[in-house]
Every structure is written in structure tokens, then in C-alpha cells.
Amino acid sequence: MTSLNPTYTIGHQLIEAITLHTNRTKQQAWDRAVEMLQLVGVNDPEKRMKQYPHEHSGGMRQRVMIAMALACEPDILIADEPTTALDVTIQAQILELMQKLQKELGMAIIMITHDLGVVAQMCDEIVVMYAGSYCERGTAEDIFYNPKHEYTKGLLRSIPTTGSRGQKLQPITGTPIDLLNLPEGCPFAPRCDAAMKICIHKAPENMDLGGQHKASCWMNVKAKMEADLAAAQEAEKARIAAEEARRATPKGIVDDITREVEAELAAEAKANEEGGEA
């Protein structure tokens, strides 16, 4: 929205982008710019082409930026904070427009945003990043209903809900780290309530959690180790119980006696053999 140059008209900036990246003539670029303004819902596009950015509302300028981005028919649209500084009504209109254009033009959208409400409404797959580092990746259902990184959990806890009315929000404590002096381990460790010693000294590996869900957090490694240990303990208990049940049967008792007798006979034979050699 603030990317438009205030000293040039809307038309000039649209035409410049089109002529730089395509082989269209100036007239063809003008026609294409008008077409794109119509596509994104700008009324009276011929008149708007001759106006300056300050003559448009925030939502209208955002539509112009989307038209500029789509004018060269990209396969992927990268939208960096597309709803910043827009009121809720205009924000909803812009998101609806982006979804409509995505279906009509068959393109993918990479959306960069801090607004989890926008993420929930727009995204099929989500990547959560902190300080330039990969934290968690998965479907929207994975991230919102089964978060596996402490940063993701902190983000979700900080969102107000209808059930939290009158209660204090739970912000993520601490301050962001210095990007010029990154820690050896997990970058979120200084602000993580569940941080362990290993989190500070060693960066976690990306762990596969099933399907498309992956996360880089030592808490998942710890949980897996605890689950494996519990499973091993349960298996050992089951083995012992099965052995005790077998011994309690008549056949089990006979088998035990037979083994004991065979062991005694073997020991006696060995002793006799050693005595004969002497």
C-alpha cells in the first residue's frame, strides 16, 4: 500500500511495471493496466489511471498494488503483509479478492503475515518461522489444532478468544534476539518457558511428525524418547505377565521341571567327564 510512489500517477507506475517485464508497447501496456484495474474491482479505471496515490483510499491503493503484481501473469504471487493498516471490512474485501483471483488465474500465493486470523482464512499449508529459522510446517489443521513447537504454541496462546473475556492475555515473554548475534542452539530458547539445557547449546533437527507436519523442537525429541521408553516398559510388563501365565498352567509347570532335570543331568554328566579325564 505504501509502495506506490506519491509523485507519479497510478497509470504511470502500472505501465512502467508492464513495459519493464513484457514486450508490450506503451498503448498495449495502458490497455493491460486498465484491464487489471477492472479485474481487481477498481471503479472507473480510465480515470484512476490519471490520479495519484493520495487520491485513493488505503483499500484502493492495495487493489492497485495487487493489479501491478498480477499484470505480468505470475505463477506465484508473494504477498507480504497485504492487509497491514487496513480496517477489518477492507481487509476482508482484499482477502476475498485474492482468493477470487487465485481461482481465476490458477496461481499460487505465498502469504507473509503475523495475523493468524488471515492465515487461518487463507492458507492451506503453513510455515512458522522465528528469527529467520524454520520452526514448524504443516497443514492449517496441524498448526492450529496440534502445534508442536513452543513458539507456535505461544502465538496461539496470545490470541484473544470469546472465552478469555476479562482475562489477561498470555504474551510471549522476553524480547526478540539480536539477529547479528544468533545463539548456538534454538533461537527461541531465551524466550521459551520449556527450554532445556540442550536447547541453548544445540539447534534441534527437523523432525517428521507424520504427514506434512514437521517441527524443529527438542520437546518433540524428548516426548518421543519418553513414549519409546514407556512402550518398552509396557512390552516388558506384557512379556513378564505372559511368562507368569504360562508357568501357571500344568504344561508350564511340567516344562519347568523338565528343564531343571535336564540341567542337573547335564551338570552331572559334565562333572563325571571331568573326573574321568583326571
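The paragraphs below go through the empty spaces, a surface patch and the salt bridges of this structure, which is a predicted model.

Rolling a probe the size of a water molecule over the atoms shows where empty space is left. In this model the largest pocket holds about 910 Å³ of space. It is lined by 27 residues, and those closest to its centre are M111, T113, V119, I126 and V127. Four elements, namely β2 (108–112), α6 (116–122), β3 (125–130) and α8 (150–157), each give two or more residues to this lining, and the largest share, six residues, is supplied by β3. In terms of residue class, the lining of the largest pocket is made up of 19 nonpolar, five polar and three charged residues.

Enclosed space can be described in a similar way, and here the count comes to one cavity of 30 Å³ or more. The largest cavity contains about 70 Å³ of space, and its lining consists of H149, E150, C186, F188, A189, C192, A194, A195, C199, C217, W218 and M219. Sorted by class, the residues lining this cavity are ten nonpolar, one polar and one charged.

On the surface, I76, I78, I110 and I112 make up a nonpolar patch, and together these residues have about 370 Å² of accessible area. The strands β1 (76–80) and β2 each contribute at least two residues to the patch; β2 is also among the elements that give two or more residues to the lining of the largest pocket. I110 belongs to strand β2, and it counts as partly exposed because its relative accessibility is 43%, a value between the limits of 20% and 50% that bound this class.

Helix α8, another of the elements that line the largest pocket, contains L156. With a relative accessible area of 21%, L156 is partly exposed, since buried would mean under 20%. From L156 to R48 there are 108 residues in sequence, and the C-alpha atoms of the two are 41 Å apart in space.

Side chains of opposite charge can pair when their charged atoms come close. The structure holds seven salt bridges, and three of them are followed here. In helix α8, K153 forms a salt bridge with E150, with the closest N and O atoms 3.2 Å apart, and the two residues are three positions apart in the helix, about one turn. E150, which also appears in the lining of the largest cavity, is buried because its relative accessibility is 13%, whereas K153 is partly exposed at 27%.

A second pair is found in helix α2 (residues 26–39), where E35 and R32 lie three residues apart, about one turn of the helix, and their side chains meet in a salt bridge with an N to O distance of 3.3 Å. Here R32 is buried, with a relative accessible area of 9%, while E35 is partly exposed, with a relative accessible area of 43%. R32 and E35 are also linked with E73 in a network of salt bridges.

The third pair, K100 and E104, lies in helix α5 (residues 88–105), with four residues, about one turn of the helix, from one to the other. The side chains of K100 and E104 meet in a salt bridge at 3.0 Å, N to O. Both partners are partly exposed, K100 with a relative accessible area of 40% and E104 with a relative accessible area of 45%.

Terms used. Residues are numbered from 1 along each chain as its sequence is written. This is a predicted model: local features need pLDDT of at least 70, side-chain atom pairs count only at pLDDT 80 or more; totals for chains, interfaces and linings use all residues. Side-chain values use heavy atoms; hydrogens and water are left out. On a 1 Å grid over the protein atoms alone, a cavity is a set of points where a 1.4 Å probe fits but cannot get out, and a pocket is an open set with protein on both sides within 12 Å along at least five of seven lines; lining residues have an atom within 4 Å of a point. Grid points are joined across faces, edges and corners, and a volume is the space filled by probe spheres set on the points. Ala, Val, Leu, Ile, Met, Phe, Trp, Tyr, Cys and Pro count as nonpolar, Asp, Glu, Lys and Arg as charged, and the others, Gly among them, as polar. Patches are made of residues with over 30% relative accessible area and no salt bridge: like charges are joined within 9 Å, nonpolar side chains (Val, Leu, Ile, Met, Phe, Trp, Tyr) within 5 Å. Accessible areas come from the Shrake-Rupley method with a 1.4 Å probe; for residues, only the protein chains shown count as cover. A salt bridge is a side-chain nitrogen of Lys or Arg within 4 Å of a carboxyl oxygen of Asp or Glu. Buried means under 20% relative accessible area, exposed over 50%, partly exposed in between (1.4 Å probe, protein chains only).
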